[in-house]
Amino acid sequence: MLRFGPGVTAVMDGRGPATAAAVWHGPTPGPAPVPVRGRALRRYALAGGVLLAVLAFLAWQRLPTVAVRSVSVQAPEAGPGCGETADVVAVVRTNGRPGTLAYRWVRSDGSSSGRLEERVERGRDEVRLHLLWTFRGRGTLPARAELRIESPGLHTAAAGFVYRCP
């Protein structure tokens, strides 16, 4: 048994004094490892890209953001007769995502339905909205019904017909 410095002993096992020095000073430093950034970045780039794609897909699926693609309004060709009700139908085409449509019907007689809402479920890309307009009395009246979608976005469409009661 050999002693190197105060209190440190080393066993000579044939590996020479470097073993004893390692006990006293710690292992001898070799050349510092060179970081290989390009290889490390490439290793995680694919995993990071896949993770971002999955997160984007989940966000797209979860966000209730219905969007209106088109709006059309159809009125009966031969307007209503005496004391009858006209069924004016709006067809709203959407992107198939869930959400809520806020709208109102405005009639040419100056009345408005007030704000109405229609809940749209996922996968439903067409919504039909009805306005039932009842007429009374004698005479002829050109009538016009306009649908105003207030949310999401602003969209309008209208249709007209003639009420006739001799």
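In what order do the 3 strands of the open sheet stand, and is their pairing parallel or antiparallel? The order is 3-4-7, and the pairing is antiparallel. The views below start from the whole chain and then return to this sheet.

This is a predicted model, in which local features need pLDDT of at least 70, side-chain atom pairs count only at pLDDT 80 or more, and totals for chains, interfaces and linings use all residues. Residues are numbered from 1 along each chain as its sequence is written, and side-chain values use heavy atoms, with hydrogens and water left out.

**View 1. The elements of the chain.**
The chain holds 2 helices and 9 strands. Both kinds are DSSP runs, numbered from the N terminus: helices are H or I with at least four residues, strands are E with at least two. From the N terminus on, the order is β-β-α-α-β-β-β-β-β-β-β. Of the 166 residues, 26% are buried. Buried means under 20% relative accessible area, exposed means over 50%, and partly exposed lies in between (1.4 Å probe, protein chains only).

**View 2. The open sheet 3-4-7.**
Strands 3, 4 and 7 form this antiparallel sheet. Two strands pair if DSSP finds at least two bridges between them. Strand 3 (68–74) and strand 7 (126–134) each have a single partner strand, so one side of each is left without a neighbour in the sheet. The twist averages 15 degrees from one strand to the next. For such angles, axes are lines fitted to C-alpha atoms, for helices over the stretch in contact, and values run from 0 to 180 degrees between N-to-C directions.

**View 3. Strand 4 and its partners.**
Strand 4 is mostly covered, with 7 of its 10 residues buried. Strand 3 joins strand 4 through 6 bridges, running antiparallel. Here V68 has T94 as its bridge partner. Strand 7 pairs with strand 4 over 9 bridges, also in the antiparallel sense. Along this pairing, V91 stands opposite R128, and V89 stands opposite H130.

**View 4. The open sheet 6-5-8-9.**
This sheet has 4 strands with antiparallel pairing. Strand 6 (116–120) and strand 9 are its edge strands, each pairing on one side only. The twist averages 25 degrees from one strand to the next. Strand 8 and strand 9 are joined by 11 bridges. One bridge pair is R144 with G160 of strand 9.

**View 5. The cis peptide bond before P152.**
The bond from S151 to P152 is cis, with omega near 0 degrees. P152 sits in the loop between strand 8 and strand 9.

**View 6. The largest nonpolar core.**
A nonpolar core is a set of buried Ala, Val, Leu, Ile, Met, Phe, Trp, Tyr and Cys residues joined through side-chain atoms within 4.5 Å. The largest one has 26 residues, and V73, V92, W105, L129 and L147 have the most contacts inside it. Strands 3, 4, 5, 7, 8 (139–151) and 9 (155–165) each supply at least two residues. Strand 9 gives the most, with 5 residues. In soluble globular proteins, nonpolar side chains tend to be buried together.

**View 7. The buried charge at R97.**
R97 lies in the loop between strand 4 (85–94) and strand 5 (99–107). R97 is buried yet has no salt bridge. A salt bridge needs a side-chain nitrogen of Lys or Arg within 4 Å of a carboxyl oxygen of Asp or Glu. The nearest side chain of opposite charge, D125, is 13 Å away. Lys and Arg count as positive, Asp and Glu as negative; His and the chain ends are not counted. The R97 side chain does make a polar contact with the side chain of T65 (3.3 Å). A polar contact is a pair of N or O atoms within 3.5 Å; within protein, one must be able to donate a hydrogen and the other to accept it, and residues adjacent in sequence count only if both atoms are side-chain atoms.
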